[in-house]
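This report describes a single protein chain, moving from the overall model to its parts. The sequence and structure are shown first.

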Amino acid sequence: MQVRDLMSSSVVSIAPGESAALAARLLARHNIGSLPVCGTDGRLRGIVTDRDIVLRCVAAEEDPASTPVREIMSRNCAVVSPEDDAREASRMMAAAQVRRLPVTDGDKVVGMVSLGDLALSQAYNMEASQALADISDNIKRL
């Protein structure tokens, strides 16, 4: 099965110059854990997570209303393409220690795939479980 069969194509993204406060509101409003950060051309610049906002902004005593997303986002994030095999997406999540991956066609974001998406697919439930176990084991070691 390909990533395109499991991914969500309804992607909420944010521009690098927008505030961390706006990113937090978007995450809450859409009940998601990460936002791809895209330029005006639609190209992926990075990703910002709820954890990034807490650790790199709030805990650092920065003002979320005036801190641009570009200052707290993760750059060079792992990505998959719609044609990639879902097992490869699961392996990439485990290797990168992430629960969500942007799906890109070229440099443009066309979707997001999560461990939850993989787990909902009966065919890849074991791979998703293993990826989550790998991520959790590495977090415990930190």
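## Confidence of the model

The mean pLDDT of the protein chain is 87, and 85% of its residues reach 70 or more. The model is a predicted one. Confidence varies along the chain: among its elements, helix 1 has the highest mean pLDDT, at 97, and helix 5 (residues 125-141) the lowest, at 52.

## Overall architecture

Five helices and four strands make up the secondary structure of the protein chain. Their order along the sequence is α-β-β-α-α-β-β-α-α.

The protein chain has 142 residues, of which 39% count as buried. Among contacts between residues at least 6 apart in sequence, 56% join residues at least 24 apart.

## Packing of helix 1 and helix 2

Helix 1 (residues 20-30) packs with helix 2 (residues 50-58) at an angle of about 150°, and the two axes are 10 Å apart. The crossing of helix 1 past helix 2 is left-handed. On the helix 1 side the contact is made by Ala20, Ala23, Ala24 and Leu27, and on the helix 2 side by Asp50, Ile53 and Cys57. Six of these residues are nonpolar, none is polar and one is charged.

## Buried residues of helix 1

Ala20, Ala21, Ala23, Leu26 and Leu27 are the residues of helix 1 that are listed as buried. The buried residues of this helix pack against strand 1 (34-38), strand 2 and helix 2.

## Buried residues of helix 2

Helix 2 has Asp52, Ile53 and Cys57 as its buried residues. They lie on the same side of helix 2, because they cover an arc of only 95° around the axis. Helix 1 and strand 2 (44-49) are included in what covers them.

Asp52 is located in helix 2. It counts as buried because its relative accessibility is 8%, below the cut-off of 20%. Leaving aside neighbours within four places in sequence, Asp52 is in contact with Ile47, Cys57, Ile72 and Ser74.

## Gly46 in strand 2

Gly46 belongs to strand 2. With a relative accessible area of 0%, Gly46 is buried. Leaving aside neighbours within four places in sequence, its contacts are with Leu35, Pro36, Val37, Met73, Ser74, Arg75 and Cys77.

One of these residues, Cys77, is 31 residues from Gly46 in sequence, while the C-alpha atoms of the pair are 6.1 Å apart in space. Ser74 is in contact with Gly46 and also with Asp52 of helix 2.

## Positive phi in two loop residues

Asn31 comes just after helix 1, in the loop between that helix and strand 1. Phi of Asn31 is near 55°, a positive value in a residue other than glycine. Asn31 is exposed, its relative accessible area being 71%.

Glu61 lies in the loop that runs between helix 2 and helix 3 (86-96). Its phi is also positive, near 60°, and Glu61 too is a residue other than glycine. Glu61 counts as exposed because its relative accessibility is 72%, above the cut-off of 50%.

Terms used:
Residues numbered from 1 in each chain as written. Predicted model: local features only at pLDDT ≥ 70, side-chain atom pairs only at ≥ 80, totals over all residues. Heavy atoms only, no water. Axes fitted to C-alpha atoms, helices over the stretch in contact; angles between N-to-C directions. Left-handed = near helix turned anticlockwise from the far one by under 90°. Contact = heavy atoms within 4.5 Å. Nonpolar A, V, L, I, M, F, W, Y, C, P; charged D, E, K, R; others polar. pLDDT = per-residue confidence, 0-100. Buried < 20%, exposed > 50% of the residue type's maximum accessible area, 1.4 Å probe, protein only. Arc of directions from axis to C-beta.
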